[in-house]
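Trainee: I would like a close look at a single part of this model. Please take one helix and its surroundings, and give the cut-offs as you go.

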Amino acid sequence: MPGNSPRKATRKPGTKKGAVVGSGGQRRKGLEGKGPTPKAKDRVGHPAARKAKAAANAAEADRKRRKSAESAPELVAGRNPVVECLRAQTPASALYVAQGVDIDDRVNESVRIAGDHGISVLEVSRAELDRLTGGALHQGLALQVPPYDYAHPDDLLQAAVDSGEPPLLVALDGVTDPRNLGAVVRSAAAFGAHGVLLPQRRSASMTAVAWRTSAGAAARIRIAKATNLTRQLKEWAKEGLMIAGLDADGDTDIDGLHLAADPLVVVVGSEGRGLSRLVRETCDTRVSIPMAAGVESLNASVAGAVLLAEVARLRRMAGRV
């Protein structure tokens, strides 16, 4: 009809002019997923994640506790251990003497040496000394010493070389009882060993209990720690030392130990499982101790003492020491 204008396209309200049909790729992206599902312990709020975090916190707290304990001073208790430490000029900060203690030569000597070296002498009640030493058998004397100053493994071999004698070293593989450690240290000093080696992990340390059991011998013989015991034994083997491990199922007994007069490392295993597999494989020989039928095996410290006594005897026989 005349006067009519062309019809214009209409669009629905809210739509853009020139809109293109389709999702613009959003639908395909939505189907791609968000990757693999995280493990339960990595999902925030999941019970497994809370448990893992609690375990990590507990491990960190235990690490801090052990570090604090290692840096805390120790109390050496007992008359023999105290006087031996003082004779060896072991660094000390205080000598505790129980009130009313029975005086003998060891008490007099301890007080005299402490006074000569500027170590505080403190008189305390017996109950207070019981508390300080954790109920240990202190015999009225206790000496406060700094944490044990461990030597480097190389220092043990150097001390042996400097002695002019065939090196004799003792290594402990997993001995976790400080009383056994102290007893082995005492035997090592008594039978002419030049040093004792401990592994960094899974081993007792030179605590006050070990000091006391050693009867002060720890002040006369150096003790070192190795980050990896097997690796250190191999290093000593390269230097010409033979490695003899105590083993109930050993390939030789102490009567046939022909290596005694040679440069030697005696390895004492743990109280329960003996030598670990890697250490056992590192040994040049594994030594057993003949025993009467029906008798239980000796504990670590006693077995170590028996072997060290035999080594000392054979060395004397050979005229090497």
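Mentor: What follows is a walk around helix α4, with a step to its neighbour α3.

First, the ground rules. This is a predicted model, so local features need pLDDT of at least 70 and side-chain atom pairs count only at pLDDT 80 or more, while totals for chains, interfaces and linings use all residues. Residues are numbered from 1 along each chain as its sequence is written, and side-chain values use heavy atoms, with hydrogens and water left out.

Now the setting. The chain has eleven helices and eleven strands. These are DSSP runs numbered from the N terminus: helices are H or I with at least four residues, strands are E with at least two. Of the 321 residues in the chain, 38% are buried. Buried means under 20% relative accessible area, exposed means over 50%, and partly exposed lies in between, with a 1.4 Å probe and protein chains only.

Helix α4 covers residues 105-116, twelve in number. From first C-alpha to last, α4 reaches 16 Å, close to the 16 Å expected at 1.5 Å a residue. The expected span is 1.5 Å times one less than the number of residues.

Which residues of α4 are buried? They are Val 107, Glu 109, Ser 110, Ile 113 and Ala 114. These cover an arc of only 165° around the axis, so they sit on the same side of α4. The arc is that of the directions from the helix axis to the C-beta atoms. On the other side of α4, Asp 105 and Asp 116 are exposed.

Next, the cover. The buried residues of α4 are covered by elements including α3 (79-87), β2 (94-98), β3 (120-124) and β4 (141-145). Contact here means heavy atoms within 4.5 Å. Just after α4, Gly 118 takes a positive phi of about 70°.

Turn to α3. Seven of its nine residues are buried, so α3 is largely enclosed by the rest of the structure. The buried residues of α3 are Arg 79, Pro 81, Val 82, Val 83, Glu 84, Cys 85 and Leu 86. Their cover includes β1 (74-77), β2, α4, β4 and α8 (208-213). So α3 is among the elements covering α4, and α4 is among those covering α3. Just after α3, Gln 89 takes a positive phi of about 60°.

Last, the chain as a whole. Among contacts between residues at least 6 apart in sequence, 82% join residues at least 24 apart.
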